[in-house]
Structures are given as structure tokens and as C-alpha cells.
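Trainee: Could you take me through the charged side chains of this model at close range? I would like to know what each one pairs with and how much of it is open to the outside.

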Amino acid sequence: WLKAFECKRRPKGGNFRAAAMVERLTYRRHTRYNTKSNKVRLLRTPGGRLVTQVVKKKAKGPACGDTGKRLIGLPSLRPMEYRRLKKRERRVNRAYGGCLSAGAVRSRIVRAFLIEEQKCVKQVLAEKMSAAKDPETKKKSKKSK
């Protein structure tokens with residue numbers, strides 16, 4: 001214990017080694033606090049200095065509006081970086097590409113088809129019912145005369 005204590009004291013000769021001390025770094029931007037948007041990591045340069053490197057936020061990437069799952073075939077970037085991409089890189093070449101997943105689009109198409117079919121079936125049933133009522137009303141009108 002005493003030996004370790006003596007190593008940390010400044011020797012009388014004046015050649016004090018600075019390697020025992022930890023180099024402290026400060027934030028070099030406007031915000032001086034450890035916020036979500038102000039993350040840094042320490043990096044040692046080839047010259048042996050410690051410098052701070054600003055870490056960008058991790059992007060979640062686009063998600064389906066219906067299911068909430070991540071969309072396949074699109075890069076996970078921050079919003080400003082999406083603007084720099086070409087249009088074909090921002091979306092998938094399909095209806096609702098880049099907004100909805102393929103399964104969600106398929107279910108929407110099937111739902112719309114079934115609704116239209118249901119309307120057709122209702123119309124056919126209504127025509128059958130009206131056709132069945134017409135002869136009855138004619139018979140009743142003849143009997144009343």
C-alpha cells in the first residue's frame with residue numbers, strides 16, 4: 001500500500017509521468033450536457049491524443065402504417081438523409097411502396113374485393129326478392145277485381 005502511495009507522489013527530480021493521470025475532455029459544441037442528441041465517444045488519434053467524436057443518432061427506419069413492422073428493402077436512415085436519396089431508393093416499386101408492407105397491401109386488396117362482392121350479392125338477392133314479390137302482387141290485384 002505504501003509503495004503505491006509513493007508512486008503517485010511527485011518525485012523530487014521533476015520528471016513526473018503524466019500517464020498516471022486521466023485526460024479529461026469537454027464537449028466542443030453548444031450543448032454542454034449529456035443529452036440524447038449530444039452523444040460523443042472518445043477516440044485515440046495516431047499521435048496519442050484523446051479526442052471526442054460526435055455519435056449520430058441511430059435510425060429506426062420506416063415502419064408499416066397498419067402493422068407497425070419494419071419495411072423490407074428500405075435503408076434505416078435519419079429523416080434528413082432520406083431527402084438526399086433518390087426516389088427509387090426511398091420506396092419499393094409497388095402500390096403503397098415505402099408506406100405499407102406487402103401483407104398489409106394484400107389484405108387491403110382482398111378486403112376491398114370482398115366488400116364489392118358482398119354488394120353484388122346483396123343486389124342479386126334484392127332483385128330475386130323483388131321478382132318473387134311481383135307475381136304475388138299481380139295475383140292479389142286480379143283477385144280484388
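Mentor: Here is a walk through the charged pairs, with a short stop at the nonpolar core. Happy to help, and please keep in mind that this is a predicted model. As background, side chains of opposite charge can pair when their charged atoms come close. In this structure, 3 salt bridges turn up.

Let us begin with Arg108, which has two partners to discuss. Its salt bridge is with Asp66, and the closest N and O atoms are 3.2 Å apart. Arg108 belongs to helix 4 (residues 102-144), whereas Asp66 sits in the loop between strand 2 and helix 2, so this pair ties together parts that are 42 residues apart in sequence. How accessible are the two ends? Arg108 counts as partly exposed, because its relative accessibility is 32%, and Asp66 is partly exposed as well, with a relative accessible area of 44%. Arg108 also lies over the face of Tyr96, at 5.3 Å from the ring centre. As for rings pairing with each other, a search of the whole structure gives 0 aromatic pairs.

Next comes Glu81, whose salt bridge partner is Lys56; here the closest N and O atoms are 3.7 Å apart. This pair, too, links distant parts of the chain: Glu81 is in helix 2 (residues 79-84), while Lys56 is in the loop between strand 2 (50-54) and helix 2, 25 residues apart. With a relative accessible area of 23%, Glu81 is partly exposed. Lys56 has 64% relative accessibility, so it counts as exposed.

The bridge between Glu116 and Lys119 has its closest N and O atoms 3.6 Å apart. Both residues lie in helix 4, 3 residues apart, which is about one turn of the helix. Glu116 is at 44% relative accessibility and therefore counts as partly exposed; Lys119 is partly exposed too, with a relative accessible area of 49%.

For contrast, turn to the buried nonpolar side chains. The largest nonpolar core has 6 residues in all: Cys64, Leu71, Leu74, Leu100, Ala104 and Val105. Leu74 is a good one to click on in your viewer. Leaving aside neighbours within four places in sequence, Leu74 is in contact with Pro62, Glu89, Arg90, Arg91, Val92 and Gly98.

To return to your request, Arg108 is a handy place to start looking: from helix 4, it reaches Asp66 in the loop between strand 2 and helix 2, and it lies over the face of Tyr96.

Technical notes: Residues numbered from 1 in each chain as written. Predicted model: local features only at pLDDT ≥ 70, side-chain atom pairs only at ≥ 80, totals over all residues. Heavy atoms only, no water. Phe/Tyr/Trp six-rings, centres within 6.5 Å; stacked < 30°, edge-to-face > 60°. Lys NZ or Arg CZ within 6 Å of the ring centre and 35° of its normal. Salt bridge = Lys/Arg side-chain N within 4 Å of Asp/Glu carboxyl O. Helix = DSSP H or I, 4+ residues; strand = E, 2+ residues; numbered from the N terminus. Buried < 20%, exposed > 50% of the residue type's maximum accessible area, 1.4 Å probe, protein only. Core = buried A, V, L, I, M, F, W, Y, C linked by side-chain atoms within 4.5 Å. Contact = heavy atoms within 4.5 Å.
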